[in-house]
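Here's a walk through one protein chain, going from a single loop residue out to the sheet, the core and the helix that packs on it. Keep the viewer open while you read.

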Amino acid sequence: MNKTGYHLHNRVLKLNVGFLLSDNVTAAHSHDSLLDFPSVRVADDLTVDYINGPLRLSRTKEGILVQADFRVGIVDQCYRCLKSFNREVEVHIEELFTYGPSVSAEFWINADGILDLGPLVREEVIIEASHRTLCQLDCQGICPNCGKNLNDGPCDCVHDEIDPRLAKLRELLDKGH
Ligand SMILES: [Zn+2]
Ligand SMILES: [Zn+2]
């Protein structure tokens, strides 16, 4: 989430590729561009802080081949201390968008010549973001006793270095005194 709370609509990811579909023999068959967007609401369940990187659209017999290497800023959650933090994922895309729906294709260009990168970017980012990550390499985690985030400093609990599996045993031994 960026500070202003303002996000571009995901229509910015709907590309009009009509110019590549032209029958004009002199028309270019591929088009390179550089995507550079601030925060975009890619889908209802995914808002990214930025997307940037090279994008190539190439016309083939079956459709438009999309090749891209995007850097995407996302908000992730540390799996050890559960704190949200910003990080960047790299998304490598190589996907054919067929001319109209096809049983074998997952993505296609609609009748208006619009190629919607949104669902593809969403899918790729979610795959990348599913890898378990730490907010920092030496994340201290949270205290299992009081729940304090130990990256913010130690808590007042007494921490024994004892293995939790042995703690139960020691408790029993202590009772025996
Ligand atoms: Zn952490
Ligand atoms: Zn504690």
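## A loop residue with an odd phi

Let's begin with leucine 82, which counts as exposed because it has just 12 C-beta neighbours inside 10 Å, and 12 or fewer is what exposed takes. Keep in mind that this is a predicted model. You'll find leucine 82 in the loop between S6 and S7. The backbone there is worth a look: leucine 82 has a positive phi of about 70°, although it is not a glycine.

## The hairpin around it

That loop belongs to a hairpin, formed by S6 and S7 with 6 residues between them. The two strands, S6 (residues 63–77) and S7 (residues 84–99), run antiparallel and are joined by 15 bridges. To get your bearings along the ladder, pick out valine 72, whose bridge partner in S7 is valine 89. Glutamine 77 stands opposite serine 84 of S7.

## The sheet

Which strands make up the open sheet, and in what order? There are 5 of them, ordered S2-S5-S6-S7-S8, and the pairing is mixed. Strand S2 (30–37) and S8 are the edge strands, each pairing on one side only. Helix H2 packs on this sheet, where it touches S5, S6 and S7, and its direction makes about 135° with that of S7.

The parallel part of the mix shows up between S7 and strand S8 (residues 108–109), which pair in that sense over 2 bridges. One pair to look for here is tyrosine 99 with its bridge partner in S8, isoleucine 109.

Zooming out, the chain has 3 helices and 9 strands. Read from the N terminus, the elements go β-α-β-β-β-β-β-β-β-β-α-α. Of the contacts with a separation of 6 or more, 59% are between residues 24 or more positions apart.

## The nonpolar core

As a rule, nonpolar side chains in soluble globular proteins tend to be buried together. In this model, the largest nonpolar core has 19 residues, and the ones that touch the most other members are Val48, Ile51, Ile64, Leu115, Leu117 and Val121. Strand S3 (40–43), strand S5 (50–59), S6 and H2 each supply at least two residues of this core. S6 gives the most, with 5 residues. Across the whole chain, buried residues make up 14% of the 177 residues.

Leucine 115 is a handy one to click on. Setting aside neighbours within four places in sequence, leucine 115 is in contact with Leu15, Val17, Ile64, Phe97 and Ile109.

## Helix H2

Why does the length of H2 look right for a helix? At 1.5 Å a residue, its 12 residues should span 16 Å, and the end C-alpha atoms are 16 Å apart, which agrees. (The expected span uses one less than the number of residues.)

Now for the buried side. Leu120, Val121, Glu124 and Val125 are buried in H2. They cover an arc of only 125° around the axis, so they sit on the same side of H2. The cover over the buried residues of H2 includes S3, strand S4 (46–48), S5, S6 and S7.

## Two partly exposed residues

Isoleucine 114 is part of strand S9 (residues 114–116). Is isoleucine 114 buried, exposed or partly exposed? There are 14 other C-beta atoms within 10 Å, so isoleucine 114 is partly exposed. Its contacts, not counting residues up to four places away in sequence, are Lys14, Leu15, Asn16 and Ile109. Isoleucine 114 and asparagine 16 are 98 residues apart in sequence, yet their C-alpha atoms are 4.6 Å apart in space.

The other one is glycine 141, found in the loop between helix H2 (118–129) and helix H3 (164–175). Glycine 141 counts as partly exposed because it has 14 C-beta neighbours inside 10 Å. Leaving out residues up to four places away in sequence, glycine 141 touches Arg80, Cys81 and Leu150. Asparagine 151 is 10 residues from glycine 141 in sequence and 6.9 Å away in space, C-alpha to C-alpha.

Terms used:
Residues are numbered from 1 along each chain as its sequence is written. Chains are lettered from A and ligands numbered from 1 in the order in which they are written. This is a predicted model: local features need pLDDT of at least 70, side-chain atom pairs count only at pLDDT 80 or more; totals for chains, interfaces and linings use all residues. Two strands pair if DSSP finds at least two bridges between them. Helices (H or I, at least four residues) and strands (E, at least two) are DSSP runs, numbered from the N terminus. A residue is buried if 20 or more other C-beta atoms lie within 10 Å of its own, exposed if 12 or fewer, and partly exposed in between; C-beta atoms are placed from the backbone. Two residues are in contact if their C-beta atoms, placed from the backbone, lie within 7 Å. A nonpolar core is a set of buried Ala, Val, Leu, Ile, Met, Phe, Trp, Tyr and Cys residues joined through C-beta atoms within 7 Å. Axes are lines fitted to C-alpha atoms, for helices over the stretch in contact, and angles run from 0 to 180 degrees between N-to-C directions. The arc is that of the directions from the helix axis to the C-beta atoms.
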